[in-house]
Amino acid sequence: MQIHISKNHEELSDFTAQYLVDFIKNKPNATLVLTSGDTPKLAYQKMAVLGKGLDFSQVTFIGLDEWIGIPPESEGSCRYIVEENLLKPLQIPSQNYTFFDGLSDNLASECTRIDQLIFEKGGLDLIIVGIGLNGHIGLNEPHSSFENYCHVSDLEEITISVGQKYFTQATPLTQGITVGLKHLLEAQTAILLASGSKKADIIQRTITEEISEVLPSTVFQKHHNALLFLDEEAAIYTK
Ligand code: PGA
């Protein structure tokens with residue numbers, strides 16, 4: 001695992017945006033999985049500025065996860081967050097990206113659709129994820145198998161309560177659909193993004209605890225090219 005520590009969220013976002021733009025410059029046909037959440041929003045906004053004029057015509061973007069039952073236009077959906085902050089500002093054509101449909105009445109086929117896309121592309125070049133306070137990665141909750149490709153998960157109470165911050169009104173959340181940890185393990189590059197003191201404990205546990213499905217984020221210890229992009233507050237116990 002390589003750890004890069006930025007001074008604060010602003011600098012973390014600058015660094016991440018530059019990394020992603022350089023990555024695409026070096027691999028113009030890259031297949032990338034992008035996380036939602038509050039942490040990456042500023043990086044996406046900065047990438048939308050840095051990436052102006054870059055050729056995205058061969059890039060494929062895939063959304064990391066969705067809440068089951070939440071429409072794509074909801075402000076808390078992965079699609080909304082990534083589209084509004086990155087894809088729309090860069091005018092990326094819709095054929096270059098896809099997200100899970102959290103409203104689908106056939107979630108198994110949604111999983112198959114995204115799995116097949118990733119396999120057709122020869123696996124992921126890059127996956128960028130955030131981390132939940134319980135160590136979840138995407139919506140791979142504690143006890144998610146490292147052998148899972150895309151799958152549906154039952155959400156823990158903490159994910160349901162913290163998840164309310166993405167919505168303007170109380171929203172019932174019970175399940176998620178997510179890219180699984182096996183795709184992450186098979187990706188060429190896996191980036192974990194964390195900012196702020198509230199993430200400091202879980203980052204320390206991610207780095208120091210024994211690799212286990214009980215703490216999904218320890219999957220990063222297993223990855224051959226794992227990058228942790230942190231700010232000083234999130235990194236406080238790593239030094
Ligand atoms: P956050 O979400 O960026 O809003 O903290 C991270 C996550 O739960 O994956």
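Mentor: Before we begin, buried means under 20% relative accessible area, exposed over 50%, and partly exposed in between, with a 1.4 Å probe and protein chains only. This is a predicted model in which local features need pLDDT of at least 70 and side-chain atom pairs count only at pLDDT 80 or more, while totals for chains, interfaces and linings use all residues. Residues are numbered from 1 along each chain as its sequence is written, and side-chain values use heavy atoms, with hydrogens and water left out.

Trainee: Is E147, which meets K182 in a salt bridge, buried or exposed?

Mentor: The side chains of E147 and K182 meet at 3.1 Å, N to O, which is a salt bridge because that term asks for a side-chain nitrogen of Lys or Arg within 4 Å of a carboxyl oxygen of Asp or Glu. K182 is partly exposed at 21% relative accessibility. For E147 the relative accessible area is 52%, and the residue is therefore exposed.

Trainee: How many salt bridges does this rule give?

Mentor: One of them joins K27 and D125, whose closest N and O atoms are 3.5 Å apart. K27 is partly exposed at 31% relative accessibility, whereas D125 is buried at 10%. By the rule, the count of salt bridges comes to 10.

Trainee: Which residues are joined with E10 into one network by salt bridges that share partners?

Mentor: E10 forms a salt bridge with K46, the closest N and O atoms being 2.7 Å apart. E10 is partly exposed at 42% relative accessible area, while K46 is buried at 17%. Through shared partners, the residues joined with E10 are D14 and K46.
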